[in-house]
Each structure stands twice: as C-alpha cells, then as structure tokens.
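Here is a short briefing to read alongside the structure. Take a look at the model first, and then we can walk through it topic by topic.

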Amino acid sequence: MQRIEEAARQRESEHNTRMQQLDRQQKIHQEESERRQKQLELEQYRIWLWTK
C-alpha cells in the first residue's frame, strides 16, 4: 500500500514539474511576442516619420 502512495506522490510531483515548465515556456513565449510587437510598432512609427 505504501508503495502505491509513493508512486502516486512521485507522479504528482512529476506532473507539477511539467506544469511549471509549461508555464515558464508560455511566459517566455508571451514576452517574446510582446517584444516583437513593440519592435513592429517602432518600425511603423519610423516609417510614418519618414513619410511626413
């Protein structure tokens, strides 16, 4: 019985670790996306300035 509980705790721990990794990857992806968006906006602003 104790072995089953240990295995269950192990699986839960691995699951939590995977979820944390996914969260980190998602956060990194979000930050990269926002950075690209800002760069695009800057580029568009530069082009707009040139056309004035």
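The notes below go from the overall fold to the surface and charges, and then to two side-chain contacts.

This is a predicted model. The protein has one helix and zero strands, and its radius of gyration of 23 Å is well over the 10 Å that the globule rule gives for 52 residues, so the protein is more spread out than a compact globule. A search of the whole structure finds one aromatic pair, and the structure also holds one salt bridge.

**Overall shape**

- The helix, α1, covers residues 2-51.
- Along its principal axes, the C-alpha trace of the protein spans about 75 × 5 × 5 Å.

**Surface and charge**

- How many of the 52 residues count as buried, as a percentage? The figure is 0%.
- About 5,600 Å² of the protein is exposed, and carbon and sulfur atoms supply 51% of that area.
- The protein carries 11 positive and 10 negative charges, and the mean positions of these two sets are 3 Å apart.

**The aromatic pair**

- Which two residues make up the aromatic pair? They are Y45 and W48, whose ring centres are 5.8 Å apart.
- The ring planes of Y45 and W48 meet at 20 degrees; planes under 30 degrees apart count as stacked, so this pair is stacked.
- Both Y45 and W48 lie in helix α1, three residues apart, which is about one turn of the helix.
- Y45 is partly exposed, with a relative accessible area of 47%, and W48 is partly exposed too, at 43%.

**The salt bridge**

- Side chains of opposite charge can pair when their charged atoms come close.
- Here R46 forms a salt bridge with E43, and the closest N and O atoms are 2.8 Å apart; the cut-off for such a contact is within 4 Å.
- R46 and E43 are three residues apart in helix α1, so about one helical turn separates them.
- Are the two partners buried, exposed or partly exposed? R46 counts as partly exposed at 42% relative accessibility, and E43 is partly exposed with a relative accessible area of 39%.

**Putting it together**

- Both contacts sit within helix α1: Y45 and W48 are three residues apart there, and R46 and E43 are likewise three residues apart.
- Each of the four residues is partly exposed, namely Y45, W48, R46 and E43.

Definitions and conventions:
Residues numbered from 1 in each chain as written. Predicted model: local features only at pLDDT ≥ 70, side-chain atom pairs only at ≥ 80, totals over all residues. Heavy atoms only, no water. Phe/Tyr/Trp six-rings, centres within 6.5 Å; stacked < 30°, edge-to-face > 60°. Helix = DSSP H or I, 4+ residues; strand = E, 2+ residues; numbered from the N terminus. Buried < 20%, exposed > 50% of the residue type's maximum accessible area, 1.4 Å probe, protein only. Rg over C-alpha atoms; globule rule 2.2 N^0.38 Å. Areas by Shrake-Rupley, 256 points an atom, 1.4 Å probe, with all protein chains shown as cover. Lys, Arg positive; Asp, Glu negative; His and termini not counted. Charge placed at Lys NZ, Arg CZ, Asp CG, Glu CD. Salt bridge = Lys/Arg side-chain N within 4 Å of Asp/Glu carboxyl O.
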